[in-house]
Structures are given as C-alpha cells and as structure tokens.
Amino acid sequence: MTSSPKVAGVSITGPMAARYDEVLTDEALAFVADLHRSFNQRRKELLALRDVRQARFDAGELPDFLEDTRHIREGDWRVTPIPEPLMDRRVEITGPVDRKMVINALNSGARVFMADFEDATAPTWRNQVEGQINLKDRWNGTIDFTDPDSGKAYALKADPAVLLVRPRGWHLPEDHMLVDGEPISGGLFDFGLYVFHNARASLAAGAGPYFYLPKLESHLEARLWNDVFVQAQDRLGLPVGTIKATILIETLPAAFEMDEILFEMKDHIVGLNCGRWDYIFSFIKRLRNNPDFLLPDRGKVVMGEAFLRAYSLLLIRTCHRRGAFAMGGMAAQIPNRRDPEANTIALAKVKADKEREAGDGHDGTWVAHPDLVPVAMEVFDRLMPGRNQLDNLRTDVEIGQADLLKVHEGTRTEAGLRENIRVGVQYTEAWLRGRGAVPLYNLMEDAATAEISRSQIWQQLRHGATLEDGRTVTRDLFTQTLADEMAGVRAELTPAVYDAGRFEEAVTLFRDMSMAADFEEFLTLPAYKLIA
C-alpha cells in the first residue's frame with residue numbers, strides 16, 4: 001500500500017509496510033517538506049555550479065586556493081566548543097543502517113558509530129525508511145533483533161558508541177517523496193526525518209543530533225547545510241549550535257576550501273574527516289580530461305604518499321588551528337578467520353595505517369569491521385594518551401597547490417584493470433540488490449569502490465593509457481577483459497547464483513559508463529533509476 005499524508009503538496013509514492021507510519025508521520029513530512037521548499041532551489045543552483053567549475057577544469061584550469069576568501073584562511077577564528085560526548089573519537093566504526101548492523105556497531109567498543117544512509121546503504125525505499133525506524137528505536141531504548149535463521153538475539157549493551165548519522169549527498173534524490181510534484185533531496189529526507197524524531201531524545205540521553213556530511217565540493221555547499229541546521233533548530237525550538245556535524249573532505253575542490261568550510265559552519269561543526277576512497281574518485285573525476293593526472297593502479301594510490309599524504313597533513317593543520325577534530329580515514333580490511341596468514345597481513349596493514357594517522361596528529365580513525373576496533377584502539381591508546389590531539393598544531397606543515405595535485409608513482413597493469421572490472425561490477429550488482437556495504441576479496445567495499453573502478457577505466461580509455469606490458473587500454477581490450485572477468489566471476493560464484501542475480505544489468509551499466517563519451521558525475525544516479 002501507499003500513503004496519502006494530510007500534508008499539502010506532499011505525496012509518498014513508495015509502498016508502506018509495518019511501522020513506516022511511525023516515521024512518515026504528517027508532522028515529520030511537513031517538517032521535511034518545509035526544508036525542501038526553503039532550500040531545494042539553492043541546492044540545484046549549487047549542483048549547477050559544480051558543472052561550471054568542471055568546465056574550467058576541462059579547459060585546463062587546475063584547482064587552487066580561492067583568492068577572494070584569503071582573509072578567512074589568514075584570519076584568527078575558531079569553531080565553537082565541541083560537546084563532551086564527542087571529545088574522544090579515537091575509533092569510529094561505520095556501516096549501513098540495517099537493524100543487526102546498528103546493534104553490533106553500537107556494541108562494538110568503538111567510541112562512535114556512523115550510521116550510514118549514504119555510500120554503505122543502497123538507497124532502496126525499504127532501506128531508507130527501515131533505517132529511520134532502527135535509529136528511532138535506538139533512542140527509544142527498544143532496539144533489539146532476533147536472527148530468523150539462527151535464532152540468535154541481539155540487544156543494546158550498556159555504554160554504546162556515540163551515534164552519528166550520514167545522510168545522502170546533495171546530488172542524490174529521494175524519488176519516493178514528492179513535494180509539489182518534485183522529488184525531495186535524499187539528504188534533506190534523511191536529515192529531516194532523523195532530526196525531527198530524535199533530536200530531543202538524543203539530547204535527553206546526554207548526546208545530541210550529530211551528523212556526518214558527505215560529498216561537499218565548496219564552502220557554499222557547507223553554508224547551505226548550515227542554513228538547513230539553523231532552520232531545523234528554529235522549527236524544533238532548539239538553540240543554535242545544538243546540531244553538530246563532521247564534514248567529510250572527500251572531493252578535490254573541498255580540499256582547497258577546508259578553512260572556508262569550517263568557517264561557514266563554525267557554530268555547528270566539530271571536525272573534518274579524510275574520506276580517502278571518494279577523494280581518489282574525485283581526484284580522477286575532476287582532472288579526468290588532463291592526461292598529466294593519470295593515476296597508477298588503485299593499489300599504488302596509498303595514503304602515505306603524494307596528494308593523499310598532502311591532503312591528510314593539511315587537514316590536520318587546518319582543523320587543529322581552528323579547534324576542530326581531524327579524523328583519519330577508513331581501514332577497509334576484513335579479518336579472515338579461515339586464513340591465518342592473510343589475516344596477519346591484513347591486521348598489519350591496519351596497524352601501520354593507524355600508526356601513521358595517530359603519529360601525524362589525527363584525533364581518531366575509521367574501521368569497517370568490529371574485529372578491527374581493538375587493533376585501531378590499541379594504536380590510538382598507545383600514541384594518543386589524551387582524549388584527542390587538538391593541541392598538536394602541526395605548524396611545521398606547509399602544503400601548497402602542487403602538493404595537493406602530486407600524482408602517485410607506479411604503473412598501470414592488466415591486473416589492475418582486471419581488479420577494477422571484477423570489484424566494480426560485483427559491487428554494482430550487489431548495490432542493485434539493495435546492499436551498500438559489500439565484502440569483496442578481504443575488503444569491505446562501498447559505493448566509492450565502484451566509482452574508482454569505472455572512473456579509472458574511463459580515464460585510461462580517454463587518454464589511451466599504456467599498461468606496464470606496453471599495450472594500450474582500448475575499448476576492445478576493456479570489453480574483452482570484461483567478458484573474461486565475468487566468466488571467471490560466474491564460475492567462482494556458480495552459474496546458478498550468478499544467473500539469479502542482477503549481473504546483466506550491472507555489467508551493462510558498468511560497461512556503458514566506463515566507455516561513455518561524457519563522464520557521468522555519479523554511478524549511483526543512473527543506478528538509482530534501476531532500484532527506485
């Protein structure tokens with residue numbers, strides 16, 4: 001069944017199921033519709049400005065620090081004080097918003113759980129609405145779960161992780177809620193429902209309405225979120241500054257505007273985060289038409305070198321100068337209990353990555369699996385004895401435009417091409433089936449994985465990249481390799497499993513986007529049409 005809310009101009013086109021009416025109330029929908037009417041036009045204008053900026057990059061301009069905001073970068077100002085529940089964020093776990101995951105993540109021993117309505121969740125109507133129910137139950141003290149297959153019961157333990165919520169980025173719609181005949185922004189839908197239902201309950205529990213904000217490309221986009229927060233607080237009768245956010249720096253243009261982003265949100269921001277995987281995707285995407293920025297295989301694009309190293313250090317210095325946290329990036333490794341040797345190698349990589357982050361001055365880090373919480377916690381407990389490292393100002397760090405654009409050394413190989421195809425298509429297929437966090441080859445992959453994969457292939461085709469063995473990446477080589485890899489995946493999964501999935505659609509989408517004459521901004525936009 002569908003819903004006919006008694007809210008003027010609002011319609012819900014997605015099917016209603018058990019308990020959906022608890023979050024899709026007329027009052028909540030009116031609140032969300034108010035956000036849409038106030039801010040959607042600005043959202044669309046800012047998305048159009050991304051295209052304008054991209055045209056300049058395509059014409060040869062390179063990203064750089066903004067001259068007209070120099071006074072902000074050189075000014076002496078700080079963000080407002082950070083709330084007590086967020087003062088120690090040494091290890092954060094992230095994951096989708098399904099009920100079992102929410103409980104396990106809150107119980108994981110991490111300081112923070114980021115419940116992800118974005119890259120770790122395929123945005124089916126069911127996933128988005130049931131995720132809201134699960135988070136509402138968390139604050140109502142009623143979240144539990146019994147696995148229908150095993151019979152195992154899950155319940156929230158004492159002292160759970162602090163909950164932060166990541167809504168969808170500005171670019172993604174929610175087609176199942178129409179306001180005045182137009183789909184609402186997915187980000188406003190996710191944010192609005194959560195803050196409406198949970199702001200007061202989270203405050204009463206000693207925490208608050210805390211968020212992670214993804215995919216921003218400019219300080220003007222941060223200003224929009226700040227204005228959304230101000231209106232939400234006004235409508236809910238909350239003081240300015242009640243809502244707090246950490247912003248992911250996961251786009252190349254945003255790295256040149258970190259000071260400005262903090263300034264725009266200084267009443268509501270507590271830190272920035274190195275969203276490394278999407279940052280790699282953005283680096284490729286924004287510089288895609290410039291052959292000087294062809295990257296080597298994904299495995300060579302590591303955090304300790306080149307543009308990733310520079311942006312991580314700049315983020316630490318910028319944040320600490322302003323009294324904000326500098327959060328480290330994701331450890332995507334998945335422990336392999338069946339292969340002790342592979343498990344040892346994976347845990348060693350995680351440990352080294354976290355030692356680099358803590359040693360550089362980050363205030364905390366991300367992991368994707370509960371088994372990695374103790375590994376990361378041990379490193380930060382050892383190297384960060386205080387609750388954070390805000391006093392580590394890193395005044396020794398000097399990062400300029402050239403540093404933020406330095407390409408990693410390394411070659412492009414057939415193995416790298418095959419990995420991009422194998423991982424990209426399998427992730428896309430799982431996403432079409434409603435899964436946003438997908439374990440593949442001992443790594444937990446999210447949407448950024450498929451984006452890196454198809455954008456690297458597009459870039460290599462665009463510039464006729466040369467592989468290590470001397471061959472050129474051509475359309476014929478790509479399509480032949482794609483067919484070969486899919487035959488291997490079909491055999492690996494078994495034909496019955498492969499044929500029962502959505503591989504035909506995933507292969508077509510991945511192939512067509514990789515070979516398209518014009519680069520599509522996000523794989524998830526055309527993919528959403530296949531699930532909405």
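Reader: Which residues have the most contacts inside the largest nonpolar core?

Author: This is a predicted model. In it, the residues with the most contacts inside the largest nonpolar core are Leu24, Phe113, Met177, Phe191, Ile247, Ile249 and Leu272.

Reader: And how many residues does that core have?

Author: The largest nonpolar core has 130 residues. Apart from it lies another core, of 36 residues. Ala430, Leu477, Phe478 and Met513 are among the residues of that other core.

Reader: Back to Leu272, what does it touch?

Author: Leaving out residues up to four places away in sequence, Leu272 touches Thr246, Ile247, Ile249, Met258, Ile261, Leu262, Leu315, Cys319, Phe325, Ala326 and Met327.

Reader: Thr246 is on that list, so where does Thr246 sit?

Author: Thr246 belongs to strand β10, which covers residues 244-249. Its relative accessibility is 0%, so Thr246 counts as buried.

Reader: What else is Thr246 in contact with?

Author: Setting aside neighbours within four places in sequence, Thr246 is in contact with Arg89, Leu164, Phe211, Tyr212, Leu213, Val270, Gly271, Leu272 and Asn273.

Reader: Ok, cysteines next. How many disulfides are there?

Author: The count is zero disulfides. Take Cys274: the nearest cysteine sulfur is that of Cys319, 8.2 Å away, and Cys274 is in no disulfide.

Reader: Why is there no bond from Cys319 to Cys274?

Author: Because the sulfur of Cys319 is 8.2 Å from that of Cys274, its closest cysteine sulfur, which is too far for a bond. A disulfide needs the two sulfur atoms within 2.5 Å.

Reader: Are those two cysteines buried or exposed?

Author: Cys274 is buried, with a relative accessible area of 1%. Cys319 also counts as buried, at 0% relative accessibility.

Reader: Switching to holes, how many cavities of 30 Å³ or more are there?

Author: The count comes to four cavities of 30 Å³ or more. The largest cavity holds about 110 Å³ of space.

Reader: What lines the largest cavity?

Author: Its lining has 16 residues, and Glu118, Asp119, Leu172, Ala447 and Thr524 lie nearest the centre. By class, the lining has seven nonpolar, three polar and six charged residues.

Reader: Which helix gives the most to that lining?

Author: Helix α16, residues 447-463, gives the most to the lining of the largest cavity, with three residues.

Reader: And pockets? How much space lies in the second largest one?

Author: About 710 Å³ lies in the second largest pocket. It is lined by 28 residues, and the closest to its centre are Trp277, Gly299, Gln333, Lys349 and Leu443.

Reader: Which elements give two or more residues to that lining?

Author: Those are α10 (276-286), β12 (325-331), α12 (340-360), α15 (414-432) and β15 (443-445). The most comes from α12, with seven residues in the lining of the second largest pocket.

Reader: What's the mix of classes in the lining of that pocket?

Author: The lining of the second largest pocket has 18 nonpolar, four polar and six charged residues.

Reader: Last one: where is Thr481 found, and is Thr481 buried or exposed?

Author: Thr481 is in helix α17, residues 475-493. With 4% relative accessibility, Thr481 counts as buried, because the cut-off for buried is under 20%.

Reader: What does Thr481 touch?

Author: Not counting residues up to four places away in sequence, Thr481 touches Leu417, Arg418 and Ile421.

How values were computed:
Residues numbered from 1 in each chain as written. Predicted model: local features only at pLDDT ≥ 70, side-chain atom pairs only at ≥ 80, totals over all residues. Heavy atoms only, no water. 1 Å grid on protein atoms, 1.4 Å probe; cavity = no way out; pocket = protein on both sides within 12 Å on 5 of 7 lines; lining within 4 Å. Points joined across faces, edges and corners; volume = space filled by probe spheres on them. Helix = DSSP H or I, 4+ residues; strand = E, 2+ residues; numbered from the N terminus. Nonpolar A, V, L, I, M, F, W, Y, C, P; charged D, E, K, R; others polar. Buried < 20%, exposed > 50% of the residue type's maximum accessible area, 1.4 Å probe, protein only. Contact = heavy atoms within 4.5 Å. Core = buried A, V, L, I, M, F, W, Y, C linked by side-chain atoms within 4.5 Å.
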